[in-house]
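Hi everyone, thanks for making the time. I'd like to walk you through a structure that may be new to most of you, so please have a look at it with me.

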Amino acid sequence: MGKIRASVPAKAILFGEHFVVYGKRALATAINRRLTVVVSSKAESGYHVKIANIPTFGLQLNLEHEKGGREAYPYKDYDNASKAIAYVKKTIEYLEENYEIGGEGVEIEISSEIPLSAGLGSSAATCVATIAALKEYFGVGTDLEGIRKDAHSVEKAVQGNASPVDTAISTYGGYVLIENAEVKRLELAELDLVIGTIGSIPLSMDITKTAEISLKTKRIVEEVKARRETFSSIFEHIFDAADELTAQALRAIEREDFVKLGALMNVNHGLLDAIGVVPRRLSELVKLSQESGALGAKVTGAGGLDKRGGVGSVLALPGESKDRIKVALEIAGALVMDVKTGETGLKTEKFV
Ligand code: PMV
């Protein structure tokens, strides 16, 4: 039987993260870092998940399938690790419930260039690529919109509350605008960006803490929800401002007005700080980027939690100051990536 390889891009939210969970507009792009899933057959029955080069997950799990048994997916003694791979587990459960798959030994190998829990869409990428590879392997569908919807359902099941933004970008690539919870694909010019990431997760970190960090988005989204309930009348204005900001940012990109685009990124960052998702280390990276000449800088993705080491990412529109910004972020201890927007979406291929 052939093998299937599916690869998908990472995402960067340019404007509107968090606010999009409540129906506000958000603009996101695919970036040129990819996650790959290879599905092949295995003599031993069950799902064998191998997560190759993500340090934390450098272990092998046997998601043995015992339909009708007391527990459908025993994880043997990998209790905490099972939390960390919640997205993979849920993907398999979801596909088994909704499609005719399974019944034979399958190996699922995941490798990634996307830093984990960094706000760059590693969880959505995992869902989309695993779903695409398994669906193709079992011959139950290759339609992109179907894959996107499946992946979004899985993300919601794990996270509780997830907007369609990450899974849309992983599936379609390019740029997407989320408006009224609908995904709209956009044709926009390529941008050069600098991303600074705090984290990812050191090898020395114990597995319980690691598992908690890997579900960071869920935790932060819950915290925003609680704060929004406490300060409902104030947050209403902040959320409306964020919505208008995304609309103006889109116009700035279309007109190639990068000075305005940068200024809007700075405002967006301020709104994210106001809703409490900017930890100290990410705040420092944004200030350093601005001070080093960036046209604009902001947290991207879920943000971070001080009590979890501030793991997360910032995005800078570098203008003429790319090298200075990169050096400043590196000195501050960030993993620095030069990225391009508009990367191609899901690619699937069969090989032997
Ligand atoms: O940090 P990430 O890549 O998990 O992105 C989260 C983006 C949020 O807007 C905070 C949540 C969502 O579902 O859109």
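I'll go through some helix pairs, then a loop residue, and then the ligand. One thing to keep in mind throughout is that this is a predicted model.

Let's start with helices. Two packed helices are described by the angle between their axes and the distance between the axes, and I'll give you both each time.

Take H8, residues 232-254, and H9, residues 258-274. Their axes cross at roughly 160° and come within 10 Å. How do H8 and H9 run relative to each other, roughly parallel or roughly antiparallel? With angles over 145 degrees counted as roughly antiparallel, H8 and H9 are therefore roughly antiparallel. The crossing of these two is left-handed. If you want to find the contact on your screen, look on the H8 side for residues including Phe235, Ile238, Leu245 and Ile253, and on the H9 side for residues including Leu261, Leu264, Val267 and Leu271. The contact of H8 with H9 has 13 nonpolar residues, along with two polar and one charged.

Now please move to H4, which spans residues 144-159. I'll use H4 twice, with two partners.

The first partner is H2, residues 86-98. H2 and H4 pack with their axes 9 Å apart, at an angle of about 125°, and the two helices are therefore oblique to each other. H2 passes H4 in a right-handed crossing. From H2, the contact uses Ala86, Tyr87, Lys90, Thr91 and Tyr94, while H4 brings residues including Asp150, Val154, Glu155 and Val158. Sorted by class, that contact of H2 with H4 has six nonpolar, three polar and three charged residues.

The second partner is H5, residues 165-172. Here the axes of H4 and H5 come within 9 Å and cross at roughly 145°. H4 passes H5 in a right-handed crossing. On H4 you'll see Leu144, Glu145, Arg148, Ala151, His152 and Glu155 in the contact, facing Asp166, Thr167, Ala168, Thr171 and Tyr172 of H5. This contact divides into four nonpolar, three polar and four charged residues.

Next, a single residue. Where does Glu343 lie? Glu343 sits in the loop between strand E11 (335-340) and strand E12 (347-351). The side chain of Glu343 is joined to that of Arg34 by a polar contact of 2.7 Å. Beyond its neighbours within four places in sequence, Glu343 is also in contact with residues including Pro9, Ile31, Asn32 and Gly173.

Finally, the ligand. How many residues surround the ligand? There are 17, and the closest are Lys11, His18, Ser163, Thr217 and Ala302. Two of the approaches involve backbone atoms: a backbone N or O atom of His18 lies 2.9 Å from a ligand oxygen, and one of Ala302 lies 2.8 Å from a ligand oxygen. We also meet Asp166 again, with a side-chain N or O atom 3.4 Å from an oxygen atom of the ligand.

That's my tour, and I'm happy to take questions.

Notes:
Residues are numbered from 1 along each chain as its sequence is written. This is a predicted model: local features need pLDDT of at least 70, side-chain atom pairs count only at pLDDT 80 or more; totals for chains, interfaces and linings use all residues. Side-chain values use heavy atoms; hydrogens and water are left out. Axes are lines fitted to C-alpha atoms, for helices over the stretch in contact, and angles run from 0 to 180 degrees between N-to-C directions. Helices (H or I, at least four residues) and strands (E, at least two) are DSSP runs, numbered from the N terminus. Angles under 35 degrees count as roughly parallel, over 145 as roughly antiparallel, 65 to 115 as roughly perpendicular and the rest as oblique. A crossing is left-handed if the near helix is turned anticlockwise from the far one by less than a right angle, and right-handed if clockwise. Contact means heavy atoms within 4.5 Å. Ala, Val, Leu, Ile, Met, Phe, Trp, Tyr, Cys and Pro count as nonpolar, Asp, Glu, Lys and Arg as charged, and the others, Gly among them, as polar. A residue is near a molecule or strand if one of its heavy atoms lies within 4 Å of it. A polar contact is a pair of N or O atoms within 3.5 Å; within protein, one must be able to donate a hydrogen and the other to accept it, and residues adjacent in sequence count only if both atoms are side-chain atoms.
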